[in-house]
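Work through the exercises below on a two-chain model. Each task is followed by a solution in steps.

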Amino acid sequence: MYMYLPIALTSVNYLLVVGLGLAVGLLSGLFGVGGGFLMTPLLMMIGIPPTIAAATDANQIVAASASGTFAHWRLGNVDYKMGLYLLIGGFLGGAVGVHIIKILRATGGADFLIKITYVVMLGVVGTFMFFESLHALRKQKAAAAKGEGKAHSKPTQKNGGLLGWLPMQTFFEKSGVTHSALVPLGLGVFVGVLAAIMGVGGGFLMVPVMIYMLRMPMHVVVGTSLFQIMFTCTEVTFLQAYSNHTVDFLLAILLLVGSVFGAQIGTVLGRKLHGDQLKILLAVIVLAVTVKIVLELILEPSLLLAYKGGH
Amino acid sequence: MFTKFAIKGLAILYTALISCFLFSGGTAWALSTEVTPRNIPINLMYHGAQVSIKGENGANDDLIIKISSEPADAHMKYKGKAAGLFWMKMGDISFEHVPTVYLLYSSRNLDSLLQENERITEGIGFESIRAGAKMETSAADMDPDRWIAEFIKFKKAEKLYGIEEGTITKINETHDGKYQLDIKWPYQAAPGTYTIEVLAVRDGNVVDRAETSLTVARTGIVEKLSNLAFNHAAVYGIISIVVAMAAGFAVGALFKKGGGAH
């Protein structure tokens, strides 16, 4: 039942770890998030050091997102063009974010900024998504009651939106939207900066950005987000393994055994749920994590010391 | 005549030496120790190990067994309230000259065995760690006693520090006593060599001591992966990525075959 992890230097119940991978992989397939914001704290709870938990999680997200991307690619849910722009922006933003953290670490304000960014971003995203999807679900119910036919979430916009005046207007066929190429690039930079500051892949930020700012249909959002996360986490895994020696390969294997199956099950489940139901579920999970972090910040911890590294 | 005196003198000297040896408080020959196993291999299924420490305790004294590592420096972060509201990591704190592992067992309550000053001299009990440790912090006005106590609490939570009194079994046989201590070695302890020191205590004094060591080392795939991660980090990183991607795509293909996804 137990397996020793050579880099984390601890022994874990492998069935428990596979189970964690399955649960988080399920969310990954359902919502298009990497699940780093959930998995890293869960791994820390079972005794994995923070730096190793974060780096190894990136490694297992490569597997989960590859599995999810493959499933969504078959379903025609990946907008490669949009994904590429977001990815380029994300890489640039990530580099800027890492630099900001370096400066803040030198001046001593990094931990405070990280925690506050976490709470604010998760809180804002979760609350907004929750009320927006609740509103949409109520509207559909009302419409169904009036017999106005079956509501569906697929957006029909062509949309230049507020940023229609920008150059490089491009039609994204798969998503059915028109934007300036600078919009996904800029949003990619924005999410990349925040993701680097928070030390996560940024899926839970990228998904709302795609839904609400890029006006992409929910199912294309999930596939495209996974496609982008796969590349981001590949880069993070290599850098963490090469520079910090914090990737535990055995732990990643245990997690990915669960997560690759979980991602497939999540994709199938996602097809059966309505877009707004998916959004409200993700919002509830994001808000639950926010409450947990707020409680951790307010309540006195039982141990007042921690090893260096990690958040 | 001279030879006769010489023989007699040698006989007296020999008897005196034997008497000293047998009836002195030291009974240096009487205390021994051995640990089984001497080497603990960390393999893939490692989850700590059963360790047995036993030996001769001829004078049937009370015993204290200390298992510890060489003192080292522990570099950590301390938590405090930022802006008077949020608990978070505030700055650096280092504890110098502290063991990474410190496990203590005794045949009776430590207070009843040795006075506090004697315990500190012998490195027995958390007081001795407090007395020997030094603290360095990035902030001023931090009470060393409070934070060294926090450090001990942290290590106890990790199961790397602990004191268990009354756990050594003394076995009185017809001629000489024996002792035994069975413990579960914590898997949290890092690979390394640990010293096992056995002290015999009588009338508030340490009258004898014996020492052995225990080695914990990685073996097999655990050792190979560790070497790869630290000595060939780029290869290790690429393997980690390739395996993850291959697993992801393979399961994706498997589901397609099974018709799980449409």
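**Exercise 1.** Identify the bridge partner of Ala306(A) in S5(B), then describe how S5(A) and S5(B) run.

Solution. Step one: in this predicted model, Ala306(A) is bridged to Lys77(B) of S5(B). Step two: the strand of chain B covers residues 71–82, and 3 bridges join it to S5(A). Step three: the two strands run antiparallel.

**Exercise 2.** State how many residues each chain gives to the contact, and how much area is buried between chain A and chain B.

Solution. Step one: chain A contributes 56 residues and chain B 61 residues. Step two: the two chains bury about 5,500 Å² between them. Step three: carbon and sulfur atoms account for 73% of that area. Step four: on the side of chain A, Tyr4(A), Leu304(A) and Leu305(A) lose the most area to chain B, together 15% of what that side buries.

**Exercise 3.** Count the salt bridges and the residue pairs in polar contact across the interface of chain A and chain B.

Solution. Step one: a salt bridge requires a side-chain nitrogen of Lys or Arg within 4 Å of a carboxyl oxygen of Asp or Glu. Step two: by this rule the interface has 0 salt bridges. Step three: 13 residue pairs, both residues at pLDDT 80 or more, are in polar contact.

**Exercise 4.** Break down the side of chain A that touches chain B by element and by class.

Solution. Step one: the elements giving two or more residues include strand S1 (2–5), helix H5 (110–145) and strand S5 (305–307) of chain A. Step two: H9(A) gives the most, with 10 residues. Step three: by class, this side has 36 nonpolar, 12 polar and 8 charged residues.

Technical notes:
Residues are numbered from 1 along each chain as its sequence is written. Chains are lettered from A and ligands numbered from 1 in the order in which they are written. This is a predicted model: local features need pLDDT of at least 70, side-chain atom pairs count only at pLDDT 80 or more; totals for chains, interfaces and linings use all residues. Side-chain values use heavy atoms; hydrogens and water are left out. Contact means heavy atoms within 4.5 Å. Buried area is the accessible area (1.4 Å probe) that two parts lose on being put together, summed over both. A polar contact is a pair of N or O atoms within 3.5 Å; within protein, one must be able to donate a hydrogen and the other to accept it, and residues adjacent in sequence count only if both atoms are side-chain atoms. Helices (H or I, at least four residues) and strands (E, at least two) are DSSP runs, numbered from the N terminus. Ala, Val, Leu, Ile, Met, Phe, Trp, Tyr, Cys and Pro count as nonpolar, Asp, Glu, Lys and Arg as charged, and the others, Gly among them, as polar. Two strands pair if DSSP finds at least two bridges between them.
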